Amino acid sequence: MKASSSAAPTVLISEVGPRDGLQSVRATMPLAAKCAWIDALAAAGLREIEVGSFVSPKLLPQLADTADVVRHALRHPGLTVMALVPNLQGAQAAAAAGVHKITLPVSASAAHSLANVRRTPQQMLDEVRAVLAWRAEQAPQLAVEVGLSTAFGCTLQGAVPEDEVIALAEALAEAGVDEVGLSDTTGMAHPAQVRRLFTRLRAAIGDKAGAAHLHNTRGLGLANALAAWDVGVRTFDASLAGLGGCPYAPGASGNVVTEDLVFLFEAMGVATGIDLDRLIAARAPLAAGLPGEPLYGMLAEAGVPRGFVPATRIPA
């Protein structure tokens, strides 16, 4: 899948497997295996990787070595190293480790927010404001984004009113967050809803409208990604081999598969900057680090079609 010229990427695929994926499995991947996996992802052309989470190791022992993973990932020039943080303490630890960007989980569902971070959405908004005030004084180089969890529905609460989602996004943007994305945490979204909510988000907060974080729980992940693309979304979270979900949202299994999402865009003529052969090869260190863990993805099973010419032309 090599070619003699290169195309500038027009969409950003943000790999979240090393955080969202690993927090959702029982086994703990050894540090060396995590580093090898991140090396393979970077070699494939991923430009942004969420490498872990700065949370209490009592809650997520799978991610207790995130600071070490960050230090390794920083060896890759041009790679944006991200981490999830639930609070100011986590933001400070992430900055000390050297991450470029942090993402805070703010849930639009009160029930999910209490289960996930033990705070109400309003309390999380106050926590985000505290993080932003600290950033202004101590870490102005640190990018801060929020993924609005359960934006499309919640397995604990049920329907989440869209007006509440947009109002929360507006409050976060006004507080000074760099980007606010929408997360289909529970895999309940459908394309019409995705189009409608992202259209409203972009109208409400303009260029602060961020990524689409979509799950494939009910088989609509790629359809929802295409719907988001159609209304202007240009950043998408995905997880290699579909690893992950949400441990605090019952039944929320299955992130969008990175390989399948990249193939979707490349087949449409949309350059991702990612080499599909190397991306599929990155499944090997993942499988080695988590032996026996189910891996998903249609492209890895079926293969790249004969004669396929990707939009991203990797120099020979």
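Select F265 first: in this predicted model, F265 has a relative accessible area of 0% and is therefore buried, since buried means under 20%. Next, select F236, which also counts as buried, at 0% relative accessibility.

**The pair F236 and F265**

Display the rings of both residues. A pair of aromatic rings is described by the distance of the centres and the angle of the planes. For F236 and F265 the centres are 5.2 Å apart and the planes stand at 50°, so the pair is tilted. Colour strand 9 (residues 235-238) and helix 10 (residues 258-267) to see where the two rings come from. F236 belongs to strand 9 and F265 to helix 10, so the pair ties together parts that are 29 residues apart in sequence.

**A second pair on helix 10**

Remain on helix 10 and select F263 together with F308. These two residues form a tilted aromatic pair, with 5.0 Å from centre to centre and 40° between the planes. F263 lies in helix 10, whereas F308 lies in the loop between helix 13 (298-302) and strand 10 (314-315), so this pair joins parts that are 45 residues apart in sequence. Is F263 buried or partly exposed? At 23% relative accessibility, F263 counts as partly exposed, because the buried class ends under 20%.

**The ring cluster**

Return to F236 and F265 and add W229 to the selection. Ring pairs link W229, F236 and F265 into a cluster. Then add R234, which lies over the face of W229, at 3.5 Å from the ring centre. In the whole model, the count of aromatic pairs comes to four.

**Helix 4**

Select helix 4 (residues 88-97). Which residues of helix 4 are buried? They are G90, A91, A94 and A97. These residues cover an arc of only 125° around the axis, which puts them on the same side of helix 4. An α-helix has 3.6 residues a turn, so residues three or four places apart point the same way. Now rotate the view to the face of helix 4 turned away from its buried side: this face carries the exposed residues Q89 and A96.

**The largest pocket**

Finally, turn to the largest pocket, which holds about 790 Å³ of space. To find its centre, select R19, L84, P105, N116 and V117, the closest to that point of the 46 residues that line the pocket. Then select strand 7 (residues 179-183), which supplies the largest share of the lining, five residues. Colouring the lining by class shows 20 nonpolar, 18 polar and eight charged residues.

Technical notes:
Residues numbered from 1 in each chain as written. Predicted model: local features only at pLDDT ≥ 70, side-chain atom pairs only at ≥ 80, totals over all residues. Heavy atoms only, no water. 1 Å grid on protein atoms, 1.4 Å probe; cavity = no way out; pocket = protein on both sides within 12 Å on 5 of 7 lines; lining within 4 Å. Points joined across faces, edges and corners; volume = space filled by probe spheres on them. Helix = DSSP H or I, 4+ residues; strand = E, 2+ residues; numbered from the N terminus. Nonpolar A, V, L, I, M, F, W, Y, C, P; charged D, E, K, R; others polar. Phe/Tyr/Trp six-rings, centres within 6.5 Å; stacked < 30°, edge-to-face > 60°. Buried < 20%, exposed > 50% of the residue type's maximum accessible area, 1.4 Å probe, protein only. Lys NZ or Arg CZ within 6 Å of the ring centre and 35° of its normal. Arc of directions from axis to C-beta.
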